Amino acid sequence: MFDLRYHVASLAAVFLALIIGILVGVGISDRGLVDSAKTGLLEREVTRLQNRLDNKSTQSADQARERAAAQTFINETYPALARNRLKGKQIGVVFVGSVDGGIRSSVSRALSDAGAQQVRLRALKVPIDVKQLDAALKGQPAAAGLRGKANLESLGTALGQELVVGGDTPLLDSLTNGTSLVEEQHGGNKMPADGVVVVRTAAPQRGGTTKFLLGLYEGLGTSGVPAVGAEQTDAADSATAVYRQAGLSTVDDVDTPVGRLALMLLLAGQQPGQYGVKNSASDGALPPLPARASAAGG
């Protein structure tokens, strides 16, 4: 049976695709034309379409096609929206568990696309060996009140803050050199980070390690810079709940263009929250796009 609504929706998707091609084609062929005004136009359109994507009640076939077209628009305009979003920013990356090449690539791409640099990467081995940590911190003045099982959360908090703030890092230095806690590292400790991304690749932990990690996440999140817990859409054990408990923003689809855009917006200081495509993404797919300043003399 001829379904007029289906053909109208299909034609709308075709016209939207044509608009995408024109806008993105202009941006690729002449970067000078992608000025703040045109980027602002893209951002307003993305915001409008994003509101549709975030509407969980759109379930009909026609609405599903509209949502797919909106998603396509956001994906295709990603390069223009990402460009210089984090220009000059230094971002730290912390893995809880071994470094996973897939999600590391997704995070690195987001930072590169937005003009940021990775100031350092640390991969922490879990579960922790409490006796080994205590032995390494013995005699360290900065560890006063932080040793022993009763202080694991406080130790994690202090370590998280050192990972972000940089400068003198006596706890991190002691635990890097005297234990197996730091499994992999890149970059020095001195330079402060303008933001931090944490990724948990290890399985959920128990006992003392759970307390230590909760403190670590809280330390990252209370260091005065944006802190984001990130994972991919196919993460076997989602960590978004524990990130949220510790006060971190989350992105659960960093392997997609929309997820990478959400990550860079959060690192740029946009509205904290839980973003992505899973049930835990209570704030939608993207943080609100920032309003562009009016041109001088306008």
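Is Thr179 buried or exposed? Keep that in mind while you load the model, because we'll get there partway through the tour and the cut-offs matter: buried means under 20% relative accessible area, exposed over 50%, and partly exposed in between (1.4 Å probe, protein chains only).

**Before you click**

This is a predicted model, in which local features need pLDDT of at least 70, side-chain atom pairs count only at pLDDT 80 or more, and totals for chains, interfaces and linings use all residues. Residues are numbered from 1 along each chain as its sequence is written, and side-chain values use heavy atoms, with hydrogens and water left out.

**The whole chain**

Show the cartoon. You should find 11 helices and 7 strands; helices (H or I, at least four residues) and strands (E, at least two) are DSSP runs, numbered from the N terminus. Of the 298 residues in the protein chain, 45% are buried. Contact here means heavy atoms within 4.5 Å. Among contacts with a separation of 6 or more, 72% link residues 24 or more positions apart.

**The sheet**

Now select the strands. The 7 of them form an open sheet with mixed pairing, in the order β3-β2-β1-β4-β5-β6-β7; two strands pair if DSSP finds at least two bridges between them. β3 and β7 (274–275) are at the edges with a single partner strand each, so one side of each has no neighbour in the sheet.

Zoom in on β1 (90–96). 7 of its 7 residues are buried, so the rest of the structure largely encloses β1. In a regular strand the side chains alternate between the two faces of the sheet. In β1, Gln90, Gly92, Val94 and Val96 sit on one side, with Ile91, Val93 and Phe95 on the other, and all are buried.

Pick Val93 and look both ways. Opposite Val93 in β2 stands Leu121, and in β4 the bridge partner of Val93 is Val197. β1 runs parallel to β2 over 7 bridges and parallel to β4 over 6 bridges. Hop on from Leu121 and you reach His186, which stands opposite in β3; β2 and β3 pair in the antiparallel sense over 4 bridges.

**Over the top with a helix**

Select α7 (152–165). This helix lies across β1, β2 and β4, and runs at about 155° to β2 (axes are lines fitted to C-alpha atoms, for helices over the stretch in contact, and angles run from 0 to 180 degrees between N-to-C directions).

**The core**

Next, show side chains for Leu181, Val198, Phe212, Leu216, Tyr217 and Leu220. These have the most contacts inside the largest nonpolar core, which has 38 residues. A nonpolar core is a set of buried Ala, Val, Leu, Ile, Met, Phe, Trp, Tyr and Cys residues joined through side-chain atoms within 4.5 Å. Another core, of 34 residues, lies apart from it and includes Val107, Leu267, Tyr275 and Leu286.

Stay with Phe212: beyond its neighbours within four places in sequence, Phe212 is in contact with Ile128, Leu152, Leu155, Gly156, Leu159 and Leu181.

Then move to Leu216, in helix α9. Leu216 is buried, at 0% relative accessibility. Leaving out residues up to four places away in sequence, Leu216 touches Val96, Leu124, Gly156, Thr157, Leu159, Gly160 and Leu163. Try a distance from Leu216 to Gln161 as well: they are 55 residues apart along the chain, with 8.0 Å between their C-alpha atoms.

**Back to Thr179**

Select Thr179, in the loop between α8 and β3 (182–186). Thr179 is buried, with a relative accessible area of 12%. A polar atom of its side chain lies 2.4 Å from the backbone oxygen of Leu175, and the Thr179 side chain also reaches the backbone nitrogen of Leu181 at 3.1 Å. Not counting residues up to four places away in sequence, Thr179 touches Gln132, Leu133, Ala136 and Ser174.

**Last stops**

Select α11, residues 257–267. 10 of its 11 residues are buried, so α11 is largely enclosed by the rest of the structure. Just after α11, look at Gly269, which takes a positive phi of about 100°.

Finish at Ala235, in the loop between β5 (227–230) and α10 (240–245). Ala235 is partly exposed, at 29% relative accessible area.

Technical notes: A polar contact is a pair of N or O atoms within 3.5 Å; within protein, one must be able to donate a hydrogen and the other to accept it, and residues adjacent in sequence count only if both atoms are side-chain atoms.
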